Amino acid sequence: MPWNEVKPMDQRWLFVMEARLGAEAVAELCRKYGISRKTGYKWLKRYHEFGKFGFVELARRPRGCPHRTPVEMREAVVALRKAWPGIGPRKIAGELRNRGL
């Protein structure tokens with residue numbers, strides 16, 4: 001007899017449908033499904049906002065990088081490297097300081 005494969009999206013759908021019926025409290029449903037109340041309310045909110053498409057896993061990649069070099073600085077460094085291919089990082093840094101970058 002094969003095991004029943006349960007997909008996370010199906011579990012989320014069942015959780016939301018049971019919550020919408022209102023027979024059990026959300027906290028009780030969360031215990032039943034083995035999730036935190038925060039997660040339960042997150043799935044309910046996503047369902048109300050996006051419907052069934054809200055159950056799809058979202059990307060966890062950061063949207064930005066706070067320590068990324070600004071575009072103007074990168075363009076200036078590339079321009080200096082093209083103009084003077086033989087100079088090193090110290091001279092490039094000094095030239096950028098002289099230019100106010």
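# Helix H3 and its neighbours

Trp-13 is partly exposed, because its relative accessibility is 27%. The model is predicted. Trp-13 belongs to helix H1, residues 8-21. This briefing starts from the ring pairs, then turns to helix packing and single residues.

**Aromatic pairs**

- How many aromatic pairs does the structure hold? There are two.
- Trp-13 pairs with Tyr-47 in an edge-to-face arrangement. The ring centres are 5.8 Å apart, and the planes stand at 70° to each other.
- This pair links distant parts of the chain. Trp-13 sits in helix H1 and Tyr-47 in helix H3, with their positions 34 residues apart in sequence.
- Is Tyr-47 buried or exposed? Tyr-47 counts as buried, because its relative accessibility is 15%, and the cut-off for buried is under 20%.
- Phe-15 and Tyr-33 form an edge-to-face pair too. Their ring centres lie 5.7 Å apart and their planes meet at 90°, so the pair earns that label.
- Phe-15 is in helix H1, while Tyr-33 is in helix H2 (residues 26-33), so this pair ties together parts 18 residues apart in sequence.
- Both Phe-15 and Tyr-33 are buried.

**How H1 packs on H3**

- Two packed helices are described by an angle and a distance, both taken between their axes.
- For H1 and H3, the angle is about 85° and the axes are 10 Å apart.
- Why is H1 called roughly perpendicular to H3? An angle of about 85° falls in the range from 65 to 115 degrees, so the label is roughly perpendicular.
- On the H1 side, the contact is made by Arg-12, Trp-13, Phe-15, Val-16, Met-17, Ala-19 and Arg-20.
- On the H3 side, Gly-40, Trp-43, Leu-44 and Tyr-47 take part.
- By class, this contact has eight nonpolar, one polar and two charged residues.
- Both members of the Trp-13 and Tyr-47 ring pair appear in this contact.

**How H2 packs on H3**

- The axes of H2 and H3 come within 9 Å and cross at roughly 105°.
- H2 and H3 are therefore roughly perpendicular to each other.
- H2 contributes Val-26, Ala-27 and Cys-30 to the contact. H3 contributes Arg-37, Gly-40, Tyr-41 and Leu-44.
- By class, the contact of H2 with H3 has five nonpolar, one polar and one charged residues.
- Gly-40 and Leu-44 of H3 take part in the contact with H2, and also in the contact with H1.

**Charged residues in the helices**

- Arg-12 lies in helix H1. Arg-12 counts as buried because its relative accessibility is 14%.
- What does Arg-12 touch, leaving out residues up to four places away in sequence? Its partners are Trp-43, Phe-55 and Glu-57.
- Arg-46 is placed in helix H3. Arg-46 is buried, because its relative accessible area is 16%.
- Not counting residues up to four places away in sequence, Arg-46 touches Gly-51, Gly-54, Val-56 and Leu-58.
- Lys-42 lies in helix H3, which covers residues 37-50. Lys-42 counts as partly exposed, because its relative accessibility is 37%.
- Where does the charged end of Lys-42 sit? It sits over the ring of Trp-43, 4.9 Å from the ring centre.
- Lys-42 and Phe-15 are 27 residues apart in sequence. In space they are 12 Å apart, C-alpha to C-alpha.

**A lysine in a loop**

- Lys-52 is found in the loop between H3 and H4.
- Lys-52 is partly exposed, because its relative accessible area is 39%.
- Lys-52 touches Met-9, Trp-13 and Tyr-47, not counting residues up to four places away in sequence. Two of these partners, Trp-13 and Tyr-47, form an aromatic pair.
- Lys-52 and Arg-12 are 40 residues apart in sequence, and 9.3 Å apart in space, C-alpha to C-alpha.

**Helix H5**

- Which residues of helix H5 (residues 89-99) are buried? Ile-92, Gly-94 and Leu-96 are.
- Helix H4 (71-83) is included in what covers the buried residues of H5.
- Just after H5 comes Gly-100, with a positive phi of about 85°.

How values were computed:
Residues are numbered from 1 along each chain as its sequence is written. This is a predicted model: local features need pLDDT of at least 70, side-chain atom pairs count only at pLDDT 80 or more; totals for chains, interfaces and linings use all residues. Side-chain values use heavy atoms; hydrogens and water are left out. Helices (H or I, at least four residues) and strands (E, at least two) are DSSP runs, numbered from the N terminus. Buried means under 20% relative accessible area, exposed over 50%, partly exposed in between (1.4 Å probe, protein chains only). Contact means heavy atoms within 4.5 Å. Rings of Phe, Tyr and Trp (its six-membered ring) pair if their centres lie within 6.5 Å; planes under 30 degrees apart count as stacked, over 60 as edge-to-face and the rest as tilted. A charge sits over a ring if NZ of Lys or CZ of Arg is within 6 Å of the ring centre and within 35 degrees of the ring normal. Axes are lines fitted to C-alpha atoms, for helices over the stretch in contact, and angles run from 0 to 180 degrees between N-to-C directions. Angles under 35 degrees count as roughly parallel, over 145 as roughly antiparallel, 65 to 115 as roughly perpendicular and the rest as oblique. Ala, Val, Leu, Ile, Met, Phe, Trp, Tyr, Cys and Pro count as nonpolar, Asp, Glu, Lys and Arg as charged, and the others, Gly among them, as polar.
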